[in-house]
Each structure stands twice: as C-alpha cells, then as structure tokens.
Amino acid sequence: MAEEHQQYQIDLGNLVAFDPNHQFSCLPDNREDLVKECIAHGTKLIQAVADALFNLPSTQDASGPVVSLPPPSTKLPREKPLPKPKPPTKWEIFAKKKGIQNRKKDKLVYDEQTGKWKRRHGYDRVNDDNDLPIIEAKMTDEPGVDPFAKRRSEKKQRVEKQEKNRLQNLKEAAKVGALPSHVQLAATALPITGTQTAPRKVSKDELQNVAGMAATSTASGGKFDKKLAGEKPPKHDKKYRKFLPVVEGSGMGSLEKQQSDKILNKLMAKNSHEIFNVGKVIKFIHFFGFSTSRGGQTGQKSTF
C-alpha cells in the first residue's frame, strides 16, 4: 500500500491527490462499469490523502488531534478574471499634475481647547463645531449672519459635493468594468444629477385617480374622512342596481303596474284554450303583486 501511495502526487495544502500514471487497461462497455471503476480508484486516492494526514505531526485538542497543513503546491485557477484597474479620479489626476504626494496623517490630534488628544475625524473629533462656544468675527463677515449656521451650511455643501464626486467616480469605474459584478450592478443605477432622463410628469387624471383610491381605501369608503380644501367627491365607476319604486305614480311609479300587466297578459294568452282558472290567476296576482321588493321591503299590490 505504501508503494502504491508513493506513485500518487499528494497536495495536502489543498487536500487533493493525483495519479499521473493511471490508465484504463480497457474501457468498460457500459457506463455503470466505468462509474464503478472511477469510484474505486477515487477511493484509493482519498485513502492516500487520509494516510498522509495521519503521518503529519499533531497536537491534542479538546475536539481531538489537530495538524497544521503545509502550504499548497498546486496552483488552482481563479474563479473570476482579474479586475481591471480603476481609472484615476479627478483629484488623483490633479495631484499627479501638480506633484502632490499623499502624506499619512496621525489619527489622534492634540486639542488645545480641551487639552485632550482627540480623533482627527469622526465622533468627538478635534475642532468640533459643537465645542466652539465663541467664533471670532472677521472683517469680511457680513453683519447679521449667524456664524454657526453658516458653518453648518458650508459643511453640508462639502459633504454633498464629496458624495457626488464619489458617485461620479463609481460611474466612471463601472464604464471601464473595473468594479466587481455586484458593485457594478449597483453603480449603474446611481442617482447622479444630469445622468438620468427627466421623470415623466403625472397627468391631472392620474393624480385624481390616485387620490380617489386613497380616499376610498378606508373601511368606511372615505365617508368619515376629512376632506381637503377643494377636494371633489370621488367618481363612482361601478354600476348601481336599479329597483322599481314602491309608490305608484304617473312616471316611474307606473312601471310596476305595466310590468305586472305584461306578465299576466302573457300568461292569459298562453293558456287561452284552457278553462279560466280563477284561483290560478289570483295566485299569480299575489305573487307578482307582492314579490317586487326594494331593500327587503314588500312592494304595493298591483291593481287590475
């Protein structure tokens, strides 16, 4: 077994083993025999890796023997290609043109106002605006201007400018393909001013539709909600059920009588060859005279 293991190339750093001299004496006729032979030879390679691991010097631990793997000897290919170099930023181009070199600064700076060492940037930093009770006025300051509010406004503008420059640099790097796939996907949708098309204007009808949907989305259908100034009642696009009136009249009130007369005449004409059945007629009169309802209320009896 030891002589057979010596023929293998074992890389304990990657926990793999190779057999460069293995050759099939004859290829099996079917796929099942080929799979069985490959599994049998792979088992031998795994056993060779396990034997080599147990031959390494080990130390005892609570979970068992522990060994230190040697550095890998086999160079494995990369999963993804090397990223392309990022294009230089505007500041890097300007610094190279002017010969400016980056100088590493200390993280801690002595604060003369408090007499303590503080961070140069971040929370509780040196020369923080919140720690300045008094700001000396300059000859160029305009009268009536709050210096604290002015400093806060200037700081906000600097932060916005830096963020815009950072997003622009990511955009330029994404064009060249110098970013990882997930970063490049996010960089292509960065909201930089002037790089996206203007949003579509919403029409008045669309705004009214959205406002109507929001107003009627409550349990009461917007009945008890407060109305805004100039707000119009929402349009009802659904169809209403129509009921015949329960009170007789010259207009709509006579429709019930006309409908009952029409049905009765139809029944009488259909059964005209039969003997007139008074009980059957009374039955239909009562049925059609009292069946018409509106909201669960029985209508008036039709007269003939």
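## Aromatic pairs

Search the whole structure and two aromatic pairs turn up. One of them joins Trp-91 and Phe-94, a tilted pair whose centres sit 5.9 Å apart, with 35° between the planes. Keep in mind that this is a predicted model.

Where do Trp-91 and Phe-94 sit relative to each other along the chain? They are three residues apart in helix H3 (residues 90-98), so about one helical turn separates them. Trp-91 is partly exposed, at 47% relative accessibility, and Phe-94 is partly exposed too, with a relative accessible area of 38%. The other pair brings together Tyr-110 and Trp-117: their ring centres are 5.5 Å apart and their planes meet at 65°, so this pair counts as edge-to-face. Tyr-110 has a relative accessible area of 42%, which makes it partly exposed, while Trp-117 reaches 59% and is exposed.

## A network of charges

Now for the charged side chains. Side chains of opposite charge can pair when their charged atoms come close. How many salt bridges does the structure hold? There are three.

Asp-111, Lys-118 and Asp-124 are linked in a network of salt bridges. Lys-118 takes part in a salt bridge with Asp-111, where the closest N and O atoms are 3.7 Å apart. Lys-118 also forms a salt bridge with Asp-124, and here the closest N and O atoms are 3.5 Å apart.

Which members of this network are tucked away from the surface? Asp-111 counts as buried because its relative accessibility is 2%, and Lys-118 counts as buried at 8%. Asp-124, on the other hand, is partly exposed, with a relative accessible area of 38%.

## A salt bridge within a helix

Arg-166 and Glu-163 form another salt bridge, with their closest N and O atoms 2.7 Å apart. Both belong to helix H4 (residues 147-176), and because they are three residues apart there, about one helical turn lies between them.

Are these two buried or exposed? Neither label fits: Arg-166 is partly exposed, with a relative accessible area of 43%, and Glu-163 counts as partly exposed at 35% relative accessibility.

Methods: Residues are numbered from 1 along each chain as its sequence is written. This is a predicted model: local features need pLDDT of at least 70, side-chain atom pairs count only at pLDDT 80 or more; totals for chains, interfaces and linings use all residues. Side-chain values use heavy atoms; hydrogens and water are left out. A salt bridge is a side-chain nitrogen of Lys or Arg within 4 Å of a carboxyl oxygen of Asp or Glu. Buried means under 20% relative accessible area, exposed over 50%, partly exposed in between (1.4 Å probe, protein chains only). Helices (H or I, at least four residues) and strands (E, at least two) are DSSP runs, numbered from the N terminus. Rings of Phe, Tyr and Trp (its six-membered ring) pair if their centres lie within 6.5 Å; planes under 30 degrees apart count as stacked, over 60 as edge-to-face and the rest as tilted.
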